[in-house]
Amino acid sequence: MRLAHVSDLHFGAIEPGRPDALRRALEQVAPDLLVVSGDLSQRGTEVEMKEAMEFLKTLSQPQFIVPGNHDIPHGHHLWARFKQTWRTYRKVVAVDLEPVWQNDEVAIIGANSVRAGGWYLDWSRGHLSREQLRRIAACCEQLPEQLLRVLVVHHPPAAPPQGTRRHLLDRRKRFFSALNDVGVDLVMCGHFHMSYAVPLMLPGNLRRACVLSVASTATSYRLEGEPNGFHVIDVPATKNRMDIQAWQWEEQRGAFRPASQWSFQRHVWRHWTVTRERLA
Ligand SMILES: [Fe+2]
Ligand SMILES: [Fe+2]
């Protein structure tokens with residue numbers, strides 16, 4: 001099973017030509033499913049979201065999309081932001097903010113970590129409520145044991161090795177505990193515009209870690225010190241191994257190319273460790 005993990009397209013703040021280059025790279029990669037972990041647009045406008053969807057429709061792969069904090073009305077439009085938070089997203093992108101996708105190898109559960117605002121200054125922050133965690137648990141309970149369990153959520157619960165000053169997913173303690181209980185194998189995020197893949201320790205009843213894949217922005221000029229990129233995730237049928245390859249934009253060649261690579265191995269109780277890391 002091959003997944004392509006693309007994030008933070010940010011239509012409205014696009015690097016010219018990058019979407020076409022991404023399309024060419026994805027044709028080469030030929031994933032079974034394309035996962036988009038939020039921030040399709042820059043300011044949550046209908047025009048931007050339509051542009052994003054028009055682009056996604058030109059891709060041949062089936063797609064799985066969750067929203068990001070940029071996919072709701074911008075902070076200057078307070079009324080729309082709080083009263084019609086998901087109106088445009090639901091109209092243009094998808095009615096379902098938390099989709100579920102399943103085949104005979106993987107089950108992918110989407111969770112919406114975006115919040116319109118709160119009693120804090122940075123409204124780009126996100127978290128999952130207890131109810132959302134209960135829903136994830138209920139989804140997992142019904143799954144056959146042999147499926148790889150994947151959660152897609154925009155805000156990362158762990159910082160990149162290279163560091164960040166931005167907020168991680170809030171209320172992490174109960175998030176980790178819930179993931180430990182349900183045996184999630186892989187968490188896919190975006191938001192930081194940085195690429196990394198690490199084992200994610202999940203404090204809880206069992207001593208276990210899952211794999212965290214955080215993809216950079218694939219197509220936006222809003223960079224955080226590294227080029228545009230996306231991840232390719234390969235999982236063999238046995239699901240005891242996972243290979244993640246980061247593809248990066250190479251200015252000289254004018255194309256996306258494989259760069260960093262990580263391999264993970266699964267042990268008893270769905271505990272994952274990293275076995276190989278080759279950083280670009
Ligand atoms: Fe973003
Ligand atoms: Fe974001």
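The following legends describe close-up views of a predicted model of a protein.

**View 1. Overall dimensions and burial in the protein.** The fold comprises 6 helices and 13 strands. Along the principal axes, the C-alpha trace spans about 50 × 45 × 35 Å. The radius of gyration is 18 Å, in agreement with the value near 19 Å expected for a compact globule because the protein has 280 residues. Of these 280 residues, 44% are buried. Among contacts between residues at least 6 apart in sequence, 70% join residues at least 24 apart.

**View 2. Strand β6 and its covered faces.** Strand β6 extends over residues 148–153, and 6 of its 6 residues are buried. On one side of the strand lie L148, V150 and V152, and on the other R149, L151 and V153; each side is covered. The residue R149 is thus listed among the buried positions of β6.

**View 3. Parallel pairing of β6 with β5 and β7.** Strand β5, residues 106–111, runs parallel to β6, and 6 bridges connect the two. Within this pairing, I109 has L151 of β6 as its bridge partner. Strand β7, residues 186–189, is also parallel to β6 and is joined to it by 3 bridges. Here L151 is bridged to V187 of β7. In general, strands of a sheet pair through backbone hydrogen bonds, either parallel or antiparallel.

**View 4. Two β-α-β units that share β6.** Helix α5, residues 130–141, forms a right-handed β-α-β unit with β5 and β6. A right-handed unit is likewise made by β6, helix α6 (residues 172–182) and β7.

**View 5. The open sheet of 7 strands.** The strand order is β3-β2-β1-β10-β11-β12-β13, and the pairing is mixed. Strands β3 (63–66) and β13 (271–278) are the edges, each pairing on one side only. On average, neighbouring strands of this sheet are turned by 20 degrees against each other, direction ignored. At the β13 edge, antiparallel pairing with β12 (residues 255–267) involves 7 bridges. One bridge in this pairing links H267 with H271 of β13.

**View 6. Helix α1 across the sheet strands.** Helix α1, residues 18–29, lies across β1 (2–6), β2 (33–37), β10 (229–234), β11 (241–250) and β12. Its direction is at about 45 degrees to that of β12.

**View 7. The largest nonpolar core around V187.** This core holds 75 residues, of which V150, V187 and C210 touch the most other members. In soluble globular proteins, nonpolar side chains tend to be buried together. Apart from its neighbours within four places in sequence, V187 is in contact with L151, V153, P157, L200, C210 and L212. Two of the residues named here also belong to β6, where L151 and V153 lie on one side of the strand.

**View 8. The surroundings of L202 in strand β8.** Residue L202 is located in β8, which covers residues 196–202. L202 counts as buried because 26 C-beta neighbours lie inside 10 Å. Beyond neighbours within four places in sequence, the contacts of L202 are F176, L179, N180, R208, A209 and C210. The C-alpha atom of L202 is separated by 9.8 Å from that of V184, which is 18 residues away along the chain.

How values were computed:
Residues numbered from 1 in each chain as written. Chains lettered and ligands numbered in written order. Predicted model: local features only at pLDDT ≥ 70, side-chain atom pairs only at ≥ 80, totals over all residues. Helix = DSSP H or I, 4+ residues; strand = E, 2+ residues; numbered from the N terminus. Rg over C-alpha atoms; globule rule 2.2 N^0.38 Å. Buried ≥ 20, exposed ≤ 12 C-beta atoms within 10 Å, placed from the backbone. Contact = placed C-beta atoms within 7 Å. Pairing = 2+ DSSP bridges. Right-handed = clockwise from strand over helix to strand, strands pointing away. Axes fitted to C-alpha atoms, helices over the stretch in contact; angles between N-to-C directions. Core = buried A, V, L, I, M, F, W, Y, C linked by C-beta atoms within 7 Å.
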